[in-house]
Amino acid sequence: MKFQTSTLHVNTKTGDKLLYPFGPSIFQTYVDEKFVNHLLKEGEKLTKKDNNANKDLAGNLIKGGSYNYPANVRAKFEGYIYQLLDRYIGNMPPHKLRNLFLINHKKKTTRFKLEELWINYNKKGDYNPPHIHSAIFSFVIFCKVPPTIFTEKPESNFQHPGEIIFRFGETLNFSDCEFRVKPSEQLMFIFPSYLTHYVPPFYTDDTRISVSGNLYEV
């Protein structure tokens with residue numbers, strides 16, 4: 001199912017979207033199917049012994065798990081991710097760029113480095129609580145999303161099973177502060193790392209696989 005939204009957005013010349021559900025913009029695009037397959041294939045090689053990321057991340061993945069891609073694997077993927085980041089930055093309004101570059105706000109270009117890349121295997125009952133990341137930009141790519149995870153009746157007070165939910169300005173009265181998405185395969189979001197986001201648990205015997213990463217200014 002293709003991504004659709006009624007939230008304020010701009011369609012870019014490259015076929016992506018800049019979403020404005022609140023102050024910070026969110027970049028939405030679709031990645032190549034071959035790229036997703038490469039991420040999944042490399043993810044299958046990772047082990048808890050050598051690549052366990054559970055202790056470093058916010059997610060409560062008890063039945064599933066999070067695994068860090070090593071540096072040599074990150075190097076295979078970073079060029080493609082940088083291209084997508086350029087499309088995000090290239091479509092930003094100039095006034096937003098003034099607040100972006102922390103080292104020198106006057107420069108027109110900057111360089112970023114993919115320092116962290118990990119894969120999440122979410123299973124029944126696993127969830128990611130509200131959290132933010134370090135870095136300047138973060139992203140998520142959805143690699144495997146069984147549609148059944150969205151339909152099972154919740155077994156707890158958690159709602160919106162398996163969705164990704166972005167939050168901003170939740171302490172302000174009379175404001176739209178949440179942006180919820182039922183993800184689909186190949187969907188990608190890039191967003192400012194300070195943007196709060198979380199994933200409620202789902203209740204089916206499925207596996208939801210996503211890949212996330214952080215981009216730092218260099």
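How many bridges join S1 to strand S2, and in which direction do the two strands run? Three bridges join S1 to S2 (residues 17–19), and the two strands run antiparallel. One bridge pair can be named: Val10 has Leu18 in S2 as its partner. The model described here is predicted.

**The chain as a whole**

The chain holds four helices and twelve strands. Of its 218 residues, 50% are buried. The chain exposes about 11,600 Å², and carbon and sulfur atoms supply 50% of that area. Among contacts with a separation of 6 or more, 79% are between residues 24 or more positions apart.

**The sheet and its helices**

S1 and S2 belong to an open sheet of eight strands with antiparallel pairing. The order of the strands across the sheet is S1-S2-S3-S10-S7-S12-S5-S4. Which strands stand at the edges? They are strand S1 (9–11) and strand S4 (65–68). Each has a single partner strand, so one side of each is left without a neighbour in the sheet. On average, neighbouring strands of this sheet are turned by 20° against each other, direction ignored.

Helix H1 (residues 33–44) packs on the sheet and touches strand S5 (112–122), S7 and S12. The direction of H1 makes about 85° with that of S7. Helix H3 (residues 71–90) also packs on the sheet. H3 touches S2, strand S3 (26–30), S5, S7, strand S10 (187–192) and S12. The direction of H3 makes about 105° with that of S5.

**Two residues in strands**

Ser210 is placed in strand S12 (residues 208–217), and S12 is one of the strands of the sheet described above. Is Ser210 buried or exposed? Its relative accessibility is 3%, so Ser210 counts as buried, the cut-off being under 20%. Apart from its neighbours within four places in sequence, Ser210 is in contact with Trp118, Ile119, Asn120, Val140, Ile141, Phe142 and Cys143.

His131 lies in strand S6 (residues 128–131). The relative accessible area of His131 is 15%, and therefore this residue is buried by the cut-off of under 20%. What does the side chain of His131 make a polar contact with? The partner is the side chain of His133, at 3.3 Å. Not counting residues up to four places away in sequence, His131 touches Ala58, Leu195, Thr196 and His197.

**Two loop residues with positive phi**

Most residues other than glycine have a negative phi. Ala135 has a positive phi near 85°. His160 also has a positive value, about 60°, although it is not a glycine. Ala135 is found in the loop between S6 and strand S7 (137–144), while His160 lies in the loop between S7 and strand S8 (164–167). Ala135 counts as partly exposed because its relative accessibility of 26% falls between the cut-offs of 20% and 50%. His160, at 27%, counts as partly exposed too.

The table sets out the four residues discussed here.

| Residue | Place | Relative accessibility | Class |
|---|---|---|---|
| Ser210 | strand S12 | 3% | buried |
| His131 | strand S6 | 15% | buried |
| Ala135 | loop between S6 and S7 | 26% | partly exposed |
| His160 | loop between S7 and S8 | 27% | partly exposed |

Definitions and conventions: Residues numbered from 1 in each chain as written. Predicted model: local features only at pLDDT ≥ 70, side-chain atom pairs only at ≥ 80, totals over all residues. Heavy atoms only, no water. Buried < 20%, exposed > 50% of the residue type's maximum accessible area, 1.4 Å probe, protein only. Polar contact = N/O pair within 3.5 Å; in protein donor to acceptor, adjacent residues only side chain to side chain. Contact = heavy atoms within 4.5 Å. Areas by Shrake-Rupley, 256 points an atom, 1.4 Å probe, with all protein chains shown as cover. Pairing = 2+ DSSP bridges. Axes fitted to C-alpha atoms, helices over the stretch in contact; angles between N-to-C directions.
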